[in-house]
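This report walks through a single protein chain for a reader who has not seen it before. The sequence and structure come first, and the text then moves from one part to the next.

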Amino acid sequence: MIKKVCVMGWPIAHSRSPLIHNFWIRQLGIKDAIYERLAVAPEDLNETLRNLRELGFIGANVTVPHKEEVFKSLLRHDALAMRLKAVNTIVLTDNGFEGRNTDGYGFIANLKDRAPDWRASAGPAVILGAGGAARAVAAALDDAGVMELRIVNRTRDRADALISDLALKRARVFTWEQMDAALKDANLVVNTTTLGMKGERDIEIDLTSLPATALVTDIVYTPLETGLLKAARLRGLQTVDGLGMLLHQAVPGFEAWFGARPQVTSELRTLVLADMGITEDKS
Ligand code: ATR
């Protein structure tokens, strides 16, 4: 039987998931496996999900703007997708299609990979933003045993909703104006806002009150070094870029569909960087 998987989104042309999964399919010698892009307009999403099996798919990745809608449409989910009310991975099980969410796994795995000395329990973590990506990161940090979560968001209501929806016990909201207090004593800063992305302006924050031992990371990976990461590097802080989160979040899906656990290697990272037009990995 051909094992066919897709990534569905709108637009989808720039998704790097096919590059990642097809690299692993070749590398691991998985037979009869196909991973392709599927452009799905919002108005066609429900029909596509209904017909997923008939279309020959045994699974899928889900990207912008469909993660919340797919959650609503599928009948079964794992515990994390239930908590986040968002799905980035669909797996055909004995009970039909199941929605899962591996974004938080990817976030933590990237930190473990690139900053192995960082410890969740060693200090407060600051999350900039309170959108869908922030929810996945907040739940993952909470599960990792973070000492305290500080959510800083332009719109306060969204930060409050994030904390109550995820039932976070050790979390507090800070306004953008209270940034200095949020950064004080923190051992991690994560940008989950769209600021810093190609075409958007950079986040403008003063990192002076961050301890010298703090780690700064961004889930934005285009550009690889965002303004925030550059400012942190110039201050001598340790930084981790967001590309690894993309690579690591792909691992559990691949394993579930194809039965082999792939590795995130420097060879894969170089391949994806080349696709982004970056030939030299200086990190
Ligand atoms: P995603 O699902 O990728 O997280 P999202 O749900 O649209 O995307 O969330 C985007 C995040 O970026 C939000 O935290 C948003 O802040 P608001 O909740 O106040 O809208 C943040 N964001 C986007 N543009 C911003 C800007 N110009 N200044 C500050 N925050 C911004």
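## Helix α5 and its surroundings

In the contact between helices α5 and α6, residues D103, G104, F107 and I108 of α5 meet A136, V137, A140 and L141 of α6. Sorted by class, this contact of α5 with α6 holds 6 nonpolar, 1 polar and 1 charged residues. The model is a predicted one.

Helix α5 covers residues 103-114 and α6 covers residues 132-143; the two pack at an angle of about 60°, with axes 8 Å apart. Angles from 65 to 115 degrees would count as roughly perpendicular and those under 35 as roughly parallel; α5 and α6 are therefore oblique to each other. Their crossing is right-handed.

Helix α5 also packs with α10, here at an angle of about 120° and with the axes 7 Å apart. The pair α5 and α10 is therefore oblique as well, and the crossing of α5 and α10 is right-handed. On the α5 side the contact is made by D103, Y105, G106, F107, A109, N110 and D113, and on the α10 side by G244, M245, H248, Q249, V251 and P252. By class, the contact of α5 with α10 has 6 nonpolar, 5 polar and 2 charged residues.

The table sets out the two helix pairs.

| Helix pair | Angle | Axis separation |
|---|---|---|
| α5 and α6 | about 60° | 8 Å |
| α5 and α10 | about 120° | 7 Å |

## Two buried residues beside α5

Which residues does H248 touch, leaving aside those up to four places away in sequence? They are Y105, G106, A109, N110, D113 and V264. H248 itself is found in helix α10, which spans residues 243-258. Its relative accessible area is 10%, and because the cut-off for buried is under 20%, H248 counts as buried. Among the α5 residues in the contact with α10 are Y105, G106, A109, N110 and D113, and H248 touches each of these five.

T102 lies in the loop between β6 (96-100) and α5. Is T102 buried or exposed? With a relative accessible area of 7%, T102 is buried. Not counting residues up to four places away in sequence, T102 touches N88, T89, Q249 and P252. Of these, Q249 and P252 also belong to the α10 side of the contact with α5.

## The strands β1, β3, β5 and β6

Strand β3 runs over residues 57-62, and 6 of its 6 residues are buried, so β3 is largely enclosed by the rest of the structure. Strand β1 (residues 3-9) is joined to β3 by 5 bridges, and the two run parallel. Here K4 has F57 in β3 as its bridge partner.

Strand β5 (residues 89-93) is joined to β3 by 3 bridges, and this pair runs antiparallel. N61 has T89 in β5 as its bridge partner, while A60 has I90 in β5. T89 is also one of the residues touched by T102.

From β5 the pairing continues to β6 through 5 bridges, again with an antiparallel course. I90 stands opposite G99 in β6. Strands β5 and β6 form a hairpin, with 2 residues between them.

## The six-stranded sheet

A further group of 6 strands forms an open sheet in the order β9-β8-β7-β10-β11-β12, with parallel pairing. What are its edge strands? They are β9 (171-174) and β12 (238-240), each of which pairs on one side only. On average, neighbouring strands of this sheet are turned by 20° against each other, direction ignored.

At the β9 edge, strand β8 (residues 149-152) is joined to β9 by 4 bridges, and the two run parallel. L149 stands opposite A171 in β9. Helix α7 (residues 156-165) packs on the sheet and touches β8 and β9; the direction of α7 makes about 175° with that of β9.

Helix α5 appears here again: α5 lies across β10 (188-191), β11 (215-218) and β12, and runs at about 135° to β12.

Methods:
Residues are numbered from 1 along each chain as its sequence is written. This is a predicted model: local features need pLDDT of at least 70, side-chain atom pairs count only at pLDDT 80 or more; totals for chains, interfaces and linings use all residues. Side-chain values use heavy atoms; hydrogens and water are left out. Axes are lines fitted to C-alpha atoms, for helices over the stretch in contact, and angles run from 0 to 180 degrees between N-to-C directions. Angles under 35 degrees count as roughly parallel, over 145 as roughly antiparallel, 65 to 115 as roughly perpendicular and the rest as oblique. A crossing is left-handed if the near helix is turned anticlockwise from the far one by less than a right angle, and right-handed if clockwise. Contact means heavy atoms within 4.5 Å. Ala, Val, Leu, Ile, Met, Phe, Trp, Tyr, Cys and Pro count as nonpolar, Asp, Glu, Lys and Arg as charged, and the others, Gly among them, as polar. Two strands pair if DSSP finds at least two bridges between them. Buried means under 20% relative accessible area, exposed over 50%, partly exposed in between (1.4 Å probe, protein chains only).
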